[in-house]
Structures are given as C-alpha cells and as structure tokens.
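Visitor: I should like to go through this structure with you. May I put some short questions as we proceed?

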Amino acid sequence: MTGYGTMGFAAGVLLALNGGVAMPALWGGLTSATFVSGPLQFLLVDWVKAGTAYLDVAVLVVCMNVRYSLYGLSLLDRYRVAPWPARLYMIGTITDETYALQVECPYPIGRDGTWYCLLLAIFDHAYWIVGVVAGALAGTALPFEAKGIDFAMTALFLVILTDQCRERQNRVPALIGAVSAVAACLVFGASKMFIPAMALIVATFLFTRRWLDVGSEGRADE
Amino acid sequence: MNEKNLYLLSVLVLVSTVSYLLRALPFLLFGTGKKPAPVIGYIGRVLTPAVIAMLTVYCFAGYVKSGCLGTSLHGLAEMVAAAVTVALHLWRRNPLLSIACGTAVYMLLVR
C-alpha cells in the first residue's frame, strides 16, 4: 500500500519536470483527487500539451480505463452490501492495486469486509494524492535543467510491467500487448496507435482465450 | 480565466467523468443476482499487463520518433537505461530506486 506513496511521488516529480502544465502540484492534486488514475495522469499532460480534441481525449480514456469496469465485475457482490456513500466513493477509487487487494479481502462479504475495503480505498487514494503533490512540489524545486528526465515515465511503466510479469500468467498477455502496440505504431504512427492497438489486443485475447483463460483461481503452470 | 486554463479544466472534468462512469458501469448494468459472461472476467484479467506493455512501447516509440536512432549512441542510451531500471527492480523491488537510477543513467548517457 505504501508503494502507492512512492509511485505517486515519482509521478509527481515527473509531472513537474514535464512542464506541460503551469502548476503541477495543483494539477496533480486535482487529477488524483478526482479519480483520474495513474498512467493516465502522465499521458494527459502530453495530450494537453498537444491540444488534443475533446472527443479524442474521451476515446483514449475509454481505451485506457475500460479495464476498471472489468474490475468492478469481481467486486459487485462486495460493494453491493456497502452503504451508498461508501459504495460511490469506492467505485471511484478502483485502481489496479486497490482492486488486487480488495478481491483478496480476508473478511467475508458484510460489515467487516466493507470496512476493510473502504479503509483500503481511502488509504490508497490518500497515499497517492500526498505522493503526487509532494513529488510535484519537489520536482518544481529541483534546481537544474534536466535533459532526459522524461525517461522517468518510461522507467515507471517498466517498473509496473516488471511487477506484472513476476506473475507467470501475466507474461503472455504482456507480450501480446507489446507486439500489438509495435504493430499499431508501425502502421499508424506513435500518436495514433492507442485505438488500433487496443482493438488488436482485445481481438487477440478473444482468439487465444482457450489457451490463456486459466480461471480466476488457477495459474497456468502452478 | 484564460483560454488555456479553461481547456485544462474542461479536459479534467471530461476525463474524471468518463473514468468514473467506466468504473460505475458494471454496477449500473448488473443489478442484483445477474452475472456477467465469463469472457468479460477473462478479458479483465489479461488486459492490465497488456495495457501496461502497450504504454511502455508508446514511450519507446516516442524516443524513436524524436530521432534517438540517428544519434551517436543509436538508441543505446534507452536500452541501457531500461535494462538498469528492470534489473534494479527485479533485485530490490523498490519503485523509487529503480525509477531514479534508470533515469539518472539515461540523463548521464544523453548528456
């Protein structure tokens, strides 16, 4: 959970050094508080810099965050018993890590389970906001002109990818994602690759389901 | 409020609204007792590593686009920095350390 704090800090530093927005701490705080989600916060800065049209932004957000609606499916029963203010808040805080911790919730569905999930959501969200704002402030205060600092975004994705690939069952899906992205990039160019890449990824997953679908509890080879 | 800030604010409202609606979608679609098709659960499981891998490729595509292969290092700076980041992360599992060292190596190499 504290991993979110350090990751957020790195995100904030990057936001500040990217220079795409005038007040990175404010922007970072706002995007974090309003449930925008990590990777998107970086990409958003690039898009805003390029003045991307609203419709394109909306389509890209759907591509990037559609996985959260799939996460929600596994949490339906858990969230259904929560009082509505808690439920509305928890829906907004669904992210990769919060979801991963909540589906493994040690308490049965009910009062204790709801408290566990709610506190988890609040702490993850708070850690992230504090991390991003602190990182943005630290980044703004850095004295040197920093050529090459943009590699931090690449490094961040590499770190997340490395963590994902620690689990054997994630390796082939990651490979499919990478190959699809390279193909889409070669055909359509880097700035227009997201939508065709996502289409290719989902299509490949549908075709390879009989080999890749190992069920939620089973791992392919353990 | 000037035009740029208005644009930023509109994008922010747009992105958070779309993000929230996406997260709320299953709760709106599947009321009590209804279960979604298993294929959706499967896509949900495999999509995250794929999306992260896609974003990583996007980052490297940016370096190629900005001409890293034409420099004296021929893209070696990116490769070495990426290798350092991944190796450190496999070893120490500390995100901040991996990101900081990988970025520092890159900054030294492109100097």
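Visitor: Is Arg67(A) buried or exposed?

Guide: Arg67(A) counts as buried, because its relative accessibility is 2%; buried means under 20% relative accessible area, exposed over 50%, and partly exposed in between (1.4 Å probe, protein chains only). This is a predicted model, in which local features need pLDDT of at least 70, side-chain atom pairs count only at pLDDT 80 or more, and totals for chains, interfaces and linings use all residues. Residues are numbered from 1 along each chain as its sequence is written, chains are lettered from A and ligands numbered from 1 in the order in which they are written, and side-chain values use heavy atoms, with hydrogens and water left out.

Visitor: Which residue forms a salt bridge with Arg67(A)?

Guide: Asp96(A) does, with the closest N and O atoms 2.9 Å apart. A salt bridge here is a side-chain nitrogen of Lys or Arg within 4 Å of a carboxyl oxygen of Asp or Glu. Asp96(A) lies in helix H6 (residues 96–103) of chain A and Arg67(A) in helix H4 of chain A, so the pair ties together parts that are 29 residues apart in sequence. Helices (H or I, at least four residues) and strands (E, at least two) are DSSP runs, numbered from the N terminus. Asp96(A) is partly exposed, at 21% relative accessibility.

Visitor: And how far apart in helix H4 of chain A are Arg80(A) and Asp77(A)?

Guide: They are three residues apart, and therefore separated by about one helical turn. Their side chains meet in a salt bridge (3.2 Å, N to O). Arg80(A) is partly exposed, with a relative accessible area of 27%, and Asp77(A) is also partly exposed, at 34%.

Visitor: How many salt bridges are there over all chains?

Guide: The structure holds five. One salt bridge is found across the interface of chain B and chain A: Arg45(B) pairs with Asp213(A), the closest N and O atoms being 2.9 Å apart. Asp213(A) also forms a salt bridge with Arg209(A), again with 2.9 Å between the closest N and O atoms. Arg209(A), Asp213(A) and Arg45(B) are thus linked in a network of salt bridges.

Visitor: Turning to that interface, how much area do chain B and chain A bury between them?

Guide: About 7,200 Å², 76% of it on carbon and sulfur atoms. Buried area is the accessible area (1.4 Å probe) that two parts lose on being put together, summed over both. Arg23(B), Phe27(B) and Tyr58(B) supply 11% of the area that chain B buries against chain A, more than any other three residues. The contact (heavy atoms within 4.5 Å) takes 66 residues from chain B and 93 residues from chain A.

Visitor: Now chain A alone: what are its domains?

Guide: Chain A is divided into domain 1 (3–166) and domain 2 (168–222), with bounds from an automatic or database domain assignment. Their centres, taken over C-alpha atoms, are separated by 22 Å. The contact takes eleven residues from domain 1 of chain A and seven residues from domain 2 of chain A.

Visitor: What area is buried between domain 1 and domain 2 of chain A?

Guide: It is about 710 Å², of which carbon and sulfur atoms give 72%. Cys63(A), Gln164(A) and Cys165(A) supply 52% of the area that domain 1 of chain A buries against domain 2 of chain A, more than any other three residues. The count of salt bridges between these domains is zero.
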